[in-house]
Structure formats: C-alpha cells, structure tokens
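This report describes the arrangement of a central sheet, the helices packed on it and the surroundings of a bound ligand.

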Amino acid sequence: MKLSGKVAIVTGAARGIGRACALRLAEMGADVAVSDINLDGAAEYGESLGAETVADEIVNIGRNSIGIQADLTIPDAAIDMVARTTEALGAPDILVNVAGGAFTPIEKSWASILADDDLDRMLAVNLKTAIHACQAVLPSMRERGEGIIVNTASMIGSNAGVRQGKLTDYGIAKTGVIQYTRFLAAEVGQYGIRVNALSPGSIATARIVALSSARGIATNDDLEKIALRRLGTPEDMASAMEFLVTDQSAYVTGQCITVCGGRTLTPS
Ligand SMILES: NC(=O)c1ccc[n+]([C@@H]2O[C@H](COP(=O)([O-])OP(=O)(O)OC[C@H]3O[C@@H](n4cnc5c(N)ncnc54)[C@H](O)[C@@H]3O)[C@@H](O)[C@H]2O)c1
C-alpha cells in the first residue's frame, strides 16, 4: 500500500480517466475525494459502476471517500472542494486534475474561424479548472512541505497536426495546461511539491467510444496511426499516474508524459 495514510483529490472523477485514477489511488491505499461537476455523469455514456457512486466504489475497496459536486471553472468552488476534503478525509497530499473535455463542434474548431465564446469555454473547462484546483491545494501543501500534483493535458496540446489542425481551442487550452504545469513546478519545487502532466492520446473512455464516429476521433483509421495498434484504456492512464504519484518519480517535476501508444510518432 504505497499511498497508505495519504489523501488524494481527483477532479473529473465521476467517470472515464478520472474514475480510473480515483480507483487506482484507492487501491494504492489513499483516501480519495471524488470531485466532478456532475457526480452522476457515468450514466450519460453508459459507463457502469460497481456501486451506486464512484465514492461508494472506493469505500468498497476499503478506503474513505467523499463525493464533491463542483464546477471548477469557479475559483471558490475549488477552495470549497479542498476545505470539504480536508474536513472529511484530511489535508490533501495528492491532486490529480482530470476535469476537462473537447466540446466545440469539429466544424467550428478551425484556427481561422474559432469563436470567442468557444475559446473562452475551452480555456475555462480545460485550463482554468486545473489552475483553480492547484491554487486551492497549494497553501496546505506548501505549509507541510510536500505535495504531488498531476494535470491532464492532451497530445494535441503539443502537436497541432495530430488532428489535422482541428480542435484548435481545445488544443490551445491543453498547451496551457502543459505550460502551467512547468511554471508551477518551477515555482513550488523548493517547497517539496512536484507538478507533472499526462498527455493522453486516444483513450477509449465511454464518452470517446460514444462520440467516436460523430467526431471522427478514435476511429479505425486512427488505429493505423497508433504504433501499438490499439486505443488506450483509462487503466493505461491510471498506470502512468501511478508512476507520478509515488517516489518512483521522486526526481521528476515539470514534465509532461504522453500516453498515446506511439500515436505522435506517425504523421497525421
Ligand atoms: N479520452 C481521451 O481520449 C482523451 C484524450 C486527450 C485528453 N483527454 C483528457 O482527459 C480528461 C478526461 O477525459 P475522459 O475521456 O475521461 O472524459 P470524460 O468526459 O469521461 O470525463 C471528464 C470529466 O470532467 C468533468 N468535468 C467537465 N467539466 C467540469 C468542470 N467545469 N468542473 C468539474 N468537472 C468537470 C465531466 O463531468 C466528466 O466527468 C479530460 O481532461 C480530457 O480532455 C482525454
């Protein structure tokens, strides 16, 4: 139990990658706060849970948990999330930011026509949620002289060609996540806090599977471009997270690890 006695918060944890990370942290011994704008979100794309809620799944693993419904685009919601976690489970040692998503219609996502409101929304949901959550956990991590933060970017955040120039607003927001990770790591390393990011490739979450053909992502054509010839799983993401939240990565900070099965090696 590498994380026995530790407290973690996972944002965007009602389903998909966030849920897989939350369950993995619990299996590793941590008590976990499950945070999401919609704690019942798993049902939306037919993701089945092993209990009524993700927090209940964690309790079934034998750890303590709390569900916190919060829209993290609002800074005060992030502060409240940390306060409620601290009261219920203790001060957070680990923050895993997974909340996010690409919602702009593909045909509106080209760089030349990007709408201001879509850009604002993508920056808020993908970049600001992470910034707000980081800023909310940092005071207590800094005071205690330790802490681990893992943010979630996307391979498109560092490779505009991987979606043939589509999803500009989302891509820009994820570039922001990678760069924010670096700036924050540079600032807080002196306090014993490590900050890294994971960049998923095509991960077959229930949402991605449901939207695959409509959005032209994670399709059979994509498989040809993935060196390992398979989509990723939420558990692949949780395994990469596992490295970043343990002492195995004690000397790693400010880095972004791409978890894409080699997709970024292949021309678009
Ligand atoms: N699945 C992929 O292929 C893929 C690829 C690249 C990047 N990502 C990134 O990985 C993360 C998870 O992806 P997923 O496929 O599991 O998506 P998902 O939609 O299944 O999970 C994202 C969760 O974030 C929550 N969320 C959205 N806005 C929020 C807000 N304002 N406040 C709090 N919670 C909010 C949603 O309710 C949802 O439960 C996202 O950041 C996504 O951009 C995923």
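## Ligand shell and sheet

In this predicted model, the shell around the ligand is made up of 15 polar, eleven nonpolar and four charged residues. The ligand is surrounded by 30 residues, of which the closest are Gly12, Gly16, Ala99, Gly100 and Ser154. At least two residues of this shell come from each of helix H1 (16-27), helix H4 (116-144) and helix H6 (206-215).

The sheet is open and has seven strands, paired in parallel and ordered S3-S2-S1-S4-S5-S6-S7. Strand S3 (65-69) and strand S7 (256-259) occupy the edges; each has a single partner strand, so one side of each lacks a neighbour in the sheet. From one strand to the next, the twist averages 15°.

At the S3 edge, five bridges join S3 to strand S2 (residues 31-36) in the parallel sense. Among the residues involved, Ser35 has Ile68 of S3 as its bridge partner.

Two helices that pack on or lie across the strands are listed below.

| Helix | Strands involved | Direction |
|---|---|---|
| H3 (residues 75-88) | S1 (7-11), S2 and S3 | about 160° with S3 |
| H8 (residues 234-244) | S4 (94-97), S5 (147-152), S6 (193-200) and S7 | about 160° to S6 |

Helix H3 thus touches the edge strand S3, while helix H8 lies across strands that include the other edge strand, S7.

Key
Residues are numbered from 1 along each chain as its sequence is written. This is a predicted model: local features need pLDDT of at least 70, side-chain atom pairs count only at pLDDT 80 or more; totals for chains, interfaces and linings use all residues. A residue is near a molecule or strand if its C-beta atom, placed from the backbone, lies within 6 Å of it. Helices (H or I, at least four residues) and strands (E, at least two) are DSSP runs, numbered from the N terminus. Ala, Val, Leu, Ile, Met, Phe, Trp, Tyr, Cys and Pro count as nonpolar, Asp, Glu, Lys and Arg as charged, and the others, Gly among them, as polar. Two strands pair if DSSP finds at least two bridges between them. Axes are lines fitted to C-alpha atoms, for helices over the stretch in contact, and angles run from 0 to 180 degrees between N-to-C directions. Two residues are in contact if their C-beta atoms, placed from the backbone, lie within 7 Å.
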